[in-house]
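Here are my notes on this one, as numbered points. Have the coordinates open while you read.

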Amino acid sequence: MGENKRRMLAGEWYLHDDPELRADTERRFALCAAYNANGGAAPTERADLLQELLGAVGDGVRIRPPFQCDYGRHISIGDGTFVNFNAVFLDAAPITIGSYAQIGPNVQLLTPSHELDHERRREGWEKAEPITIGDNVWLGGGVIVCPGVTIGANTVVGAGAVVTKDLPEGVLAVGNPARVVRRLE
C-alpha cells in the first residue's frame, strides 16, 4: 500500500492525486457507471454489482440509481437498508450504515475535509473521518452528514438538515446545523 493511501485510511492528511488512489477511483467509476446504467436490470444483476463495488452489502439492500461514491470499498450497508435516488457517499474514510435504514433522495455522506490553509488546500491536502449511521435511522431528502459524525439507532433527521455533530439514538433532529427537537418513543 502506498503512503497516501495508508495516510488516508489512517485519518491523516494525504494527497488524493496519487496513482494508487487514482486507480481505485477508476475502478469505482467503472462500477458506478455500470450500476447506474443498469437501473432496469434484474435485481440479482444489480445486487452483484453492489457486492463488487461496496465493502459489505447486507441482504435486501436497495440503492436506486444514480448513485455515486469515491471508492466504494469503504462503504458497509446493513440488511434491508434503502437508499433513494442521487445519493453521494464520499468514502475516503469508512461509511457504516446499519440495518433497515432509510436514506432519502439527494443525501450526501461526506467523510473528506480539506485543509483550511489556502496554500495546503491548493496543494491538494485532505483528510477523512468516518461516518456511522445506526440501525433504523431515517435521513430525509437532501440531508448532508459531515465528516466524523455518528447518528444513533432509531433517529430521524429531517429533510435538508446538515448534521455537523453526533446525534444520539432515538431522537428527531432538524435544521442547519441539525439540532435535536425531541425524543422519539
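1. Let's start with the cysteines, and with the cut-off: a disulfide here is a pair of cysteine sulfur atoms within 2.5 Å. By that rule the structure holds zero disulfides. Bear in mind throughout that this is a predicted model.

2. Which cysteine has its sulfur closest to that of C32? It is C69, with the two sulfurs 3.8 Å apart. Because a disulfide needs the sulfurs within 2.5 Å, that distance is too far for a bond. C32 itself is buried, at a relative accessible area of 1%. C146 is in no disulfide either: its nearest cysteine sulfur, again that of C69, is 19 Å away.

3. Next, V171. Is this residue buried or exposed? It is buried, because its relative accessible area is 1% and the cut-off for buried is under 20%. V171 belongs to strand β19, which covers residues 171-174. Setting aside neighbours within four places in sequence, V171 touches N154, T155, V156, V180, R182, R183 and L184. If you want a long-range reference, L53 is 118 residues from V171 in sequence, and the C-alpha to C-alpha distance is 32 Å.

4. Strand β19 has partners that run in opposite senses. With β17 (residues 156-157) the pairing is parallel, over two bridges. There, V156 has L172 of β19 as its bridge partner. With β20 (residues 179-183) the strands run antiparallel and are joined by four bridges. L172 turns up here too, bridged to R182 in β20.

5. The link between β19 and β20 is worth a look in your viewer. The two strands form a hairpin with four residues between them. In that turn, G175 has a positive phi of about 95°.

6. Now the open sheets. One has five strands, in the order β4-β7-β10-β15-β18, and its pairing is parallel. Which strands sit at its edges? They are β4 (67-69) and β18 (162-163), each of which pairs on one side only. Further in, β10 (residues 108-110) and β15 (residues 144-145) pair in parallel through two bridges. L109 is bridged to V145 of β15.

7. Another open sheet has three strands, ordered β1-β12-β11, and there the pairing is antiparallel. Its edge strands are β1 (14-15) and β11 (112-114), each pairing on one side only. Two bridges join β1 to β12 (residues 125-128), and Y14 has E126 in β12 as its bridge partner.

8. Last, the largest pocket, in case you are thinking about cavities. Its volume is about 160 Å³. How many residues line the largest pocket? There are 12, and Y35, R46, V61, R62 and I63 lie nearest the centre. By class, the lining has eight nonpolar residues, one polar and three charged.

9. As for where that lining comes from, α3 (43-53) and β3 (62-63) each supply at least two residues of it. Helix α3 gives the most, with four residues.

Key
Residues are numbered from 1 along each chain as its sequence is written. This is a predicted model: local features need pLDDT of at least 70, side-chain atom pairs count only at pLDDT 80 or more; totals for chains, interfaces and linings use all residues. Side-chain values use heavy atoms; hydrogens and water are left out. Buried means under 20% relative accessible area, exposed over 50%, partly exposed in between (1.4 Å probe, protein chains only). Contact means heavy atoms within 4.5 Å. Two strands pair if DSSP finds at least two bridges between them. On a 1 Å grid over the protein atoms alone, a cavity is a set of points where a 1.4 Å probe fits but cannot get out, and a pocket is an open set with protein on both sides within 12 Å along at least five of seven lines; lining residues have an atom within 4 Å of a point. Grid points are joined across faces, edges and corners, and a volume is the space filled by probe spheres set on the points. Ala, Val, Leu, Ile, Met, Phe, Trp, Tyr, Cys and Pro count as nonpolar, Asp, Glu, Lys and Arg as charged, and the others, Gly among them, as polar.
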